[in-house]
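Open the model in your viewer and set the colouring to secondary structure. The stops below say what to select next and what is there.

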Amino acid sequence: MLEVKHLTKKYGSFTALKDINLTLDRGVYGILGANGAGKSTFLNLITDNIPRTEGEILYDGKDILSLGASFRKRVGYTPQLQGMYEDFTAGQFLRYIGALKGMKHGRCKEQTREVLELVGLGHVAHKKLGSFSGGMRQRVLLAAAMLDDPEILILDEPTAGLDPEERIRLRNHIAELAVNRTVLLATHVVSDIECIAQKVILMKKGELLRFSSPLELLEEIQGKVREYTGTFEEVNRYKEIYGKGQIMRRRAGFVFRAAEEELPEEFVPVDDVTLEDVYLFYAEGREQEVSGKEKSEDEKEE
């Protein structure tokens with residue numbers, strides 16, 4: 001079990017992460033938020049790549065700082081940006097990563113075959129990485145993270161830049177790997193976590209907005225997602241008024257879809273609520289609420 005208590009990260013006067021509290025067990029936890037939400041900072045703190053400002057990160061009741069290398073050995077990590085040696089074959093690259101992890105040669109060689117098969121790349125183990133597609137490269141990185149049987153798997157934007165077919169294939173592999181592990185999957189692509197996440201960690205500007213199952217989040221905003229159908233000029237005008245929401249094109253015309261507490265009567269309720277609607281509803285609304293609180297506290301101090 002991984003416990004995060006009052007986790008905070010500051011860079012001078014800038015707070016990148018503010019008072020995060022979570023308890024994580026086995027399964028997939030989707031970390032959802034726009035660029036700058038604090039996703040990568042959160043993951044780098046859990047992997048002990050950067051020092052925390054405040055708070056604790058406990059693994060089975062012990063702080064990861066006291067566990068040191070024994071904790072890091074339990075973690076498999078795929079960062080958002082990672083270089084690869086183009087002239088290495090997939091097998092050579094994984095054996096290289098295994099050596100960096102301190103794995104014995106025989107065990108590393110055996111596991112290289114196993115994890116490449118697991119991500120559907122066993123048949124190209126002897127091909128050079130320079131010939132691989134973007135999706136194949138991401139699967140190699142996922143296989144590298146799986147070496148040495150980690151109990152915690154941390155994936156930072158693993159489907160970035162992939163086409164829809166590759167994205168679906170990769171997230172199916174991730175779901176299979178999560179049966180006996182804790183998987184943290186950070187992304188700004190909602191569909192990556194909508195089907196496979198046990199719980200969603202919704203972040204905005206370094207704060208934790210929600211920590212619930214996808215079903216609970218969808219139920220919370222039932223009746224608050226509505227659509228207006230009209231000309232492009234009409235729906236674009238509503239987009240300018242509300243500043244958030246989606247413009248879509250359908251057979252009946254252009255549609256403006258928004259998640260708000262209150263919308264005009266001409267907006268029709270929808271039943272097919274998605275996590276994308278959840279994100280728009282909570283991320284925008286909560287931000288305004290927090291800003292209002294901060295302002296009133298400043299006024300009190302004055």
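Select T47. With a relative accessible area of 7%, T47 is buried; buried means under 20% relative accessible area, exposed means over 50%, and partly exposed lies in between (1.4 Å probe, protein chains only). Look for T47 in the loop between α1 (39–46) and β4 (54–59). Helices (H or I, at least four residues) and strands (E, at least two) are DSSP runs, numbered from the N terminus.

What does T47 touch, not counting residues up to four places away in sequence? Show R72, V75, Y77 and I154. A contact means heavy atoms within 4.5 Å.

A note on the ground rules. This is a predicted model, in which local features need pLDDT of at least 70 and side-chain atom pairs count only at pLDDT 80 or more, while totals for chains, interfaces and linings use all residues. Residues are numbered from 1 along each chain as its sequence is written, and side-chain values use heavy atoms, with hydrogens and water left out.

**The sheet with β4**

Stay with β4 and display its sheet. This open sheet has four strands in the order β2-β1-β4-β5, with antiparallel pairing. Two strands pair if DSSP finds at least two bridges between them. Which strands stand at the edges? They are β2 (14–24) and β5 (62–63); each has a single partner strand, so one side of each is left without a neighbour in the sheet.

Zoom in on β4 and β5. Two bridges join these antiparallel strands. Select Y59, then K62 in β5: the two stand opposite each other.

**Helix α4**

Next, select residues 90–100, helix α4. Colour its buried residues: A90, G91, F93, L94, I97 and G98. Now look down the axis. These residues cover an arc of only 160 degrees around it, which puts them on the same side of α4. The arc is that of the directions from the helix axis to the C-beta atoms. An α-helix has 3.6 residues a turn, so residues three or four places apart point the same way.

What do the buried residues of α4 pack against? Show α5 (105–118) and α6 (134–146). Then turn to the face pointing away from the buried side of α4, where the exposed residues A99 and L100 sit. After α4 comes G102, with a positive phi near 85 degrees.

**Two strand residues**

Select E207 in strand β10 (residues 207–212). Is E207 buried or exposed? Its relative accessible area is 18%, so E207 is buried. Draw a distance to R250: the C-alpha atoms are separated by 36 Å, with the two positions 43 residues apart along the chain counted as their offset.

Move to G253 in strand β13 (residues 253–259). G253 also counts as buried, at 18% relative accessibility. Leaving out residues up to four places away in sequence, G253 touches T229, G230 and M248. Measure to K9, C-alpha to C-alpha: 47 Å in space, 244 residues apart in sequence.

**Zoom out**

Show the whole chain, with its 11 helices and 14 strands. The C-alpha trace spans about 70 × 55 × 30 Å along its principal axes. Of the 302 residues, 49% are buried. Among contacts with a separation of 6 or more, 66% come from residues 24 or more positions apart.
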